[in-house]
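Visitor: I am new to this protein and would like to be guided through its fold, step by step. Please show it to me before we begin.

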Amino acid sequence: MRTCNRCRQETNQMFCPTCRVLTHPEGPPEAAPTSAAGDSFECTIWQGPNRSRGIEVPVSTRDKYFSKRSGEIIIYIDGRRAVVKLGSSFWKKPAVMKKAFGDNGKDELIIFFEKHHLLPPQQSLKEKGIVDTLVFEVVTPKEEFKVTVVEKHESDEYSSD
Ligand SMILES: [Zn+2]
């Protein structure tokens, strides 16, 4: 059973039927928060031996911004909501998010990587001269994050708008 933090309603669903916010599994209260709404951090693209890709979170960042209790988090990418399950492998090294399922059940990460042509750091540097970087902005600490691609082009620093 899960509980909505906003209206306290109990439900089996991941999202509160009334408030539409993420619900939480029951358990002891969490330790003091280590992050706040509006905080942000950077991640890079990970590529596995089978050429599958994911989002790699630096380990120190992971421990500060994520909680083992959450089990799953919500990310907003390109205006869409997707659920990422943080399995046991996320708590090893490297910490990688490999899939993010949208409301339609599709893996939004694959779509996202293809759309922005995101590559792991070495490959990105070689092909584009930049390190593809994702900025995670905390919407709700340890639960909801807005993800944006940082496109660092040298000319951006000098543009007037
Ligand atoms: Zn609710």
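**A walk through the fold**

Guide: Three bridges connect strand E1 (residues 2-4) with E3, and the two run antiparallel; strands here are DSSP runs of at least two residues, helices (H or I) are runs of at least four, and both are numbered from the N terminus. This is a predicted model, in which local features need pLDDT of at least 70 and side-chain atom pairs count only at pLDDT 80 or more, while totals for chains, interfaces and linings use all residues. Residues are numbered from 1 along each chain as its sequence is written.

Visitor: In what order do the three strands of the open sheet with E1 stand?

Guide: Two strands count as paired if DSSP finds at least two bridges between them. Strand E2 (10-11) and strand E3 (23-25) each have a single partner strand, so one side of each is left without a neighbour in the sheet. Within the pairing of E1 and E3, Thr3 stands opposite His24. The pairing in this sheet is antiparallel, and the order is E2-E1-E3.

Visitor: Which strands stand at the edges of the open sheet of eight strands?

Guide: This sheet has mixed pairing and the order E8-E5-E4-E10-E11-E6-E7-E9. Two of its strands have a single partner strand each, so one side of each is left without a neighbour in the sheet, and these are E8 and E9.

Visitor: Which residue in the turn between E6 and E7 has a positive phi?

Guide: Strand E6 (residues 72-77) and strand E7 (residues 80-85) pair in the antiparallel sense over six bridges, with Ile77 standing opposite Arg80. The two strands form a hairpin with two residues between them, and the turn residue with a positive phi, about 50°, is Asp78.

Visitor: Which residue in E9 is the bridge partner of Ala82?

Guide: E7 is joined to strand E9 (residues 101-102) by two bridges, and the strands run antiparallel. Val83 stands opposite Phe101 in E9, while the bridge partner of Ala82 is Gly102.

Visitor: Which element gives the largest share of the largest nonpolar core?

Guide: A nonpolar core is a set of buried Ala, Val, Leu, Ile, Met, Phe, Trp, Tyr and Cys residues joined through C-beta atoms within 7 Å, where buried means that 20 or more other C-beta atoms, placed from the backbone, lie within 10 Å of the residue's own. The largest such core has 24 residues, and among those with the most contacts inside it are Ile55, Ile73 and Val147. Helix H2 (108-116) and strand E10 (133-140) are among the elements that each supply at least two residues, but the largest share, four residues, comes from E6.

Visitor: How far apart do the C-alpha centres of domain 1 and domain 2 lie?

Guide: The domain assignment, which is automatic or from a database, gives domain 1 (1-27) and domain 2 (39-152). Their contact takes four residues from domain 1 and six residues from domain 2, a contact being two residues whose C-beta atoms, placed from the backbone, lie within 7 Å. The C-alpha centres of the two domains lie apart by 24 Å.

Visitor: What is the radius of gyration of the protein?

Guide: The radius of gyration is taken over C-alpha atoms, and the globule rule is 2.2 Å times the number of residues to the power 0.38. For 161 residues a compact globule would have a value near 15 Å, which agrees with that of the protein, 17 Å.

Notes
A residue is buried if 20 or more other C-beta atoms lie within 10 Å of its own, exposed if 12 or fewer, and partly exposed in between; C-beta atoms are placed from the backbone.
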